[in-house]
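Please open the structure in your viewer and keep the selection panel at hand. The tour proceeds one selection at a time.

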Amino acid sequence: MTTFRCALVTVAASLAWAAAPAAWAQQAKVKVGLMLPATGTFAALGTAIENGFKLYVAEQGGKLGGREIDFVSVDDESNPAKATDNVNKLVKRDNVDVLVGTVHSGVAMAMAKVAKDTGTWLIVPNAGADAVTGPMCAPNIFRSSFSNWQPGYAMGEVAARKGHKTAVTITWKYAAGDESVGGFKEAFEKGGGSVVKALAVPFPNVEFQALLTEIAAIKPDVVYTFFAGGGAVKFVKDYAAAGLKQAIPLYGAGFLTDGTLEAQGADAEGLMTTLHYADSLGTPRDQAFRLAYVRAYKQQPDVYAVQGYDAAQMLGIGLTAVKGDLNRKAEFTAAIRKATIDSPRGRFKLSASHNPVQDIYLRQVANKENKVVEVASKALADPGRGCRM
Amino acid sequence: MDFATFLIQCLNALQYGLLLFLVASGLTLIFGIMGVINLAHGSFYMIGAYMAYALAPIVEAAFGGGFFATLLVGLVLAVLLGYALEWAFFSYLYEREHLQQVLMTYGLILVFEELRSLLVGDDVHGVAVPEILAGSLPLGELLTYPVYRLFISAVCLLLALAMYVVLSRTRLGMMIRAGANNREMVQSLGIDIKFLYRVVFAAGVAIAVLAGMVAAPVSSVYPGMGNSVLIVCFVVVVIGGIGSIRGAMLAALLIGIVDTFGKVLLPQAAGVLVYVMMALILLWKPDGLFRAA
């Protein structure tokens, strides 16, 4: 008898087990794989993106398109060498429906490759590599941030409008720097200026003295630079210490003065940079976002938080359009393509290659804030070179 | 490049070379003379830079502040740290294989990076140049040269001189060098080699920390900064010849020249020039420029 009852229980249990996936599938959560840096230089950026993303999901009551959201997180360590393994873990082992990541362009490229091969949805909330919405573009890959080309191009327009004729560019010799400087050169030379010398330092070397001496010898009208993080702090300080700040205006992509102002101190005052966000936009949309963010996380949001927030908005738009059914791929893509995203940075749509078509702001550093001066370039679209969809 | 620019670039090269020596000098002591492959050297440098940033407000509250007071407090803490690390970890490493030394000191890098992240966070920080050294000298029509950079060069020269005199001209230096050659023999002559090495190690850590603190105002303070100097430090010690202060100085200056002029004249190859030079020197002199006997 006992044996029989035991067997019965076992059978019942296994039946229940077998039936479970079917019942579970009906209201299963959407699995979002967050592949962001949790350690290393970019850890703070990863946290801001995750906070922004989760803030939007929380505002929607924890559901997007009627389905609850489940998060799986992987620390990508900003390490391109481990990137493919990490993405595959999320896609093949954890079976995530949507990938969100990341900060580092090299890692993002690996994610884009896997997304392209497997058809998994990917939303890139920072990495600016032109190629993500260029040669790597695909119907299932979107970006909520920017392309490296965009801020550079906008600053090239500004420099030409101001009547500068000659420029020297200086950056790290790596993809992001080359792309940013490329954008600047394209717009500046279109506007009648000329880049007389393109200086580059091996990444991540921060000894600039020799090149600052070069700049002083060339005496251009303006210097355009792309540096971020510790390199940005050191470059801005060295530029001022070498006496060049008074003599030759320094323009940069926004990352030169984002998250670094405390460390740069007075040496950054007055610097002009271009980016798709600023500290005091003053729009009701931005103020509402900033208030909600501060309430939730007890700290001020930055451009990275905005990009995370908008990544969640894009996912929400897609999921709502297909009523939570991620298998209706064409409809999902079409919905995001024609949507206007109500971002704290200002409304934007996506280009044909899925990169934001957005206003790039000219900002000036005043009292340790990046204050908006004007819109440097209205509704600027990345050309999406090499994209075939 | 006109002549004035050339002279300024020479100054840049000299100054960068001296900075490199300063950063590498702690490694000269620990790796060069004591023979321990210390990958955590970069971490000590980083700890120094973070001390310059984090200790300043504390020292300000306790002693009324000042960059030099912070420097002094940092040095004392560094000696204690070095002493404790030697006692807890490094004293077990002298007799071990190099691979085990690499493994343990690599582990220390990870531990120090995580601790740094927990204690101070992942943000980039700046350290203000002390006021008496905040000025700059005019140089050519546009350029100015920060006085603080000259101060760094002076610190470096003093340190180099002190290390050279202590190691090659004093009884203490003789005991240290003898210990590096034959530990047991020195011990049997009645010298407390264990204690001696603990002190030398602490001094090595203190010098690395000092380098980080002195360099902080010009290098800024950021996560992973230690790893960025580690490789070039090993290049300095290896080119110079293991254990030679003179060699390390010469190597640092050579790297300063190659790096500075490389960036200007051969920018495409600037990243590899230093390593090409290392390869050539090691082909010509496999033991480095000056091998200590």
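What share of the contacts in chain B with a separation of 6 or more is accounted for by residues 24 or more positions apart? In this predicted model, such residues account for 75% of those contacts.

Select chain B and display it as a cartoon. Eleven helices and two strands should appear in chain B. Followed from the N terminus, chain B begins with four helices, continues with the two strands, and then runs through helices again, in the order α-α-α-α-β-β-α-α-α-α-α-α-α. Chain B has a radius of gyration of 19 Å, close to the 19 Å that the globule rule gives for 293 residues, so chain B is as compact as a globular protein of that length.

Keep chain B selected and show its C-alpha atoms. Along the principal axes, these atoms fill a box of roughly 65 × 55 × 35 Å. Of the 293 residues in chain B, 47% are buried.

Next, display chain A together with chain B. Here 34 residues of chain A are in contact with 31 residues of chain B. On the side of chain A that touches chain B, select the elements that give two or more residues: α2 (43–59), β8 (194–201), α7 (209–218), α8 (229–241), α9 (244–247) and α10 (261–264) of chain A. Then highlight α7(A), which gives the most to this side, with seven residues.

Finally, colour the residues on this side of chain A by type. They divide into 18 nonpolar, eleven polar and five charged residues.

Definitions and conventions
Residues are numbered from 1 along each chain as its sequence is written. Chains are lettered from A and ligands numbered from 1 in the order in which they are written. This is a predicted model: local features need pLDDT of at least 70, side-chain atom pairs count only at pLDDT 80 or more; totals for chains, interfaces and linings use all residues. The radius of gyration is taken over C-alpha atoms; the globule rule is 2.2 Å times the number of residues to the power 0.38. A residue is buried if 20 or more other C-beta atoms lie within 10 Å of its own, exposed if 12 or fewer, and partly exposed in between; C-beta atoms are placed from the backbone. Two residues are in contact if their C-beta atoms, placed from the backbone, lie within 7 Å. Ala, Val, Leu, Ile, Met, Phe, Trp, Tyr, Cys and Pro count as nonpolar, Asp, Glu, Lys and Arg as charged, and the others, Gly among them, as polar.
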